[in-house]
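Please open the model in your viewer and keep the selection tool at hand. The tour starts at a single contact and then widens step by step.

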Amino acid sequence: MKRQKKDNIILIGFMGSGKTSIGIRLSYKLQLVVEDTDKIIEEREGMPISEIFKAKGEGYFRNLETGLLREIRDSDGRKIYSLGGGTPVQLQNQSLICQCGKVIYLRAKPETLYARLKNDTTRPLLRCDDPQERIRVLLSQRTGVYERCADFIVDVDDKEQGEVLESILEYLEQKTISEEKK
Ligand code: S3P
């Protein structure tokens with residue numbers, strides 16, 4: 001897979017893995033702007049993701065994700081981006097993601113995700129009779145993709161957000177030192 005050329009920090013992982021909140025905490029710590037690609041899409045479309053899925057279909061939403069990744073790849077500067085949980089699934093997105101920056105995968109077990117998401121009403125893919133099974137199936141389909149895209153994987157189960165943050169900061173620091181040595 002083509003590795004990155006940008007200095008952004010890209011957070012990937014399943015819905016409920018903590019990308020948004022870790023992104024915000026990283027942004028304070030590193031004094032970088034954080035962007036949430038779902039929010040950008042919602043603002044541009046003037047409606048929540050669930051409405052986009054309903055009114056225009058999932059395929060339309062997936063194309064918007066790909067377009068946004070191209071914009072990130074072609075943009076200057078350094079930011080933190082939190083991606084939608086399904087963004088890495090499309091093949092064309094995978095190399096784009098890797099070109100956008102350092103990719104950090106927040107890995108969580110299905111039980112952890114279900115516990116966090118069971119009362120959620122904002123994720124259209126989990127509006128089904130058996131959200132627990134849907135999480136298990138989607139996660140098993142996506143795990144390989146997330147792992148292949150990742151430069152760094154942090155397991156989030158049973159960890160406080162502060163610990164997750166520390167692991168990421170440690171990784172970024174090591175990365176910077178090894179890049180400076182080159
Ligand atoms: C999706 C994840 C969501 C959002 C959309 C589809 C997915 O983002 O993009 O509901 O396919 O996993 P979050 O991971 O931020 O919830």
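Begin by selecting Arg123 together with the ligand in this predicted model, where an N or O atom in the side chain of Arg123 lies 2.8 Å from an oxygen atom of the ligand. If you then show the surface, you can judge how enclosed the ligand is, since the protein covers 95% of the 390 Å² of accessible area that the ligand has on its own.

Next, select Lys19, where a polar side-chain atom is 2.5 Å from an oxygen atom of the ligand, and then Gly85, which instead places a backbone N or O atom 2.8 Å from an oxygen atom of the ligand.

Now widen the selection to the shell of 13 residues around the ligand, of which Lys19, Asp38, Arg62, Arg123 and Arg142 come nearest. Colouring this shell by residue class will show five nonpolar, three polar and five charged residues.

Where does the ligand sit? The ligand occupies the largest pocket, whose volume is about 580 Å³. Select the 27 residues that line the largest pocket, and look towards its centre for Met15, Thr20, Asp38, Thr122 and Arg123, which lie nearest to that point. Helix 1 (19-30), helix 2 (37-45), helix 3 (49-56) and helix 4 (58-74) are the elements that each give two or more residues to this lining.

Finally, colour the lining by class as well, and the residues divide into eight nonpolar, 10 polar and nine charged.

How values were computed. Residues are numbered from 1 along each chain as its sequence is written. This is a predicted model: local features need pLDDT of at least 70, side-chain atom pairs count only at pLDDT 80 or more; totals for chains, interfaces and linings use all residues. Side-chain values use heavy atoms; hydrogens and water are left out. On a 1 Å grid over the protein atoms alone, a cavity is a set of points where a 1.4 Å probe fits but cannot get out, and a pocket is an open set with protein on both sides within 12 Å along at least five of seven lines; lining residues have an atom within 4 Å of a point. Grid points are joined across faces, edges and corners, and a volume is the space filled by probe spheres set on the points. Helices (H or I, at least four residues) and strands (E, at least two) are DSSP runs, numbered from the N terminus. Ala, Val, Leu, Ile, Met, Phe, Trp, Tyr, Cys and Pro count as nonpolar, Asp, Glu, Lys and Arg as charged, and the others, Gly among them, as polar. A residue is near a molecule or strand if one of its heavy atoms lies within 4 Å of it. A polar contact is a pair of N or O atoms within 3.5 Å; within protein, one must be able to donate a hydrogen and the other to accept it, and residues adjacent in sequence count only if both atoms are side-chain atoms. Accessible areas come from the Shrake-Rupley method with a 1.4 Å probe; for residues, only the protein chains shown count as cover. A molecule sits in a cavity or pocket if more than half of its atoms lie within 2 Å of its grid points.
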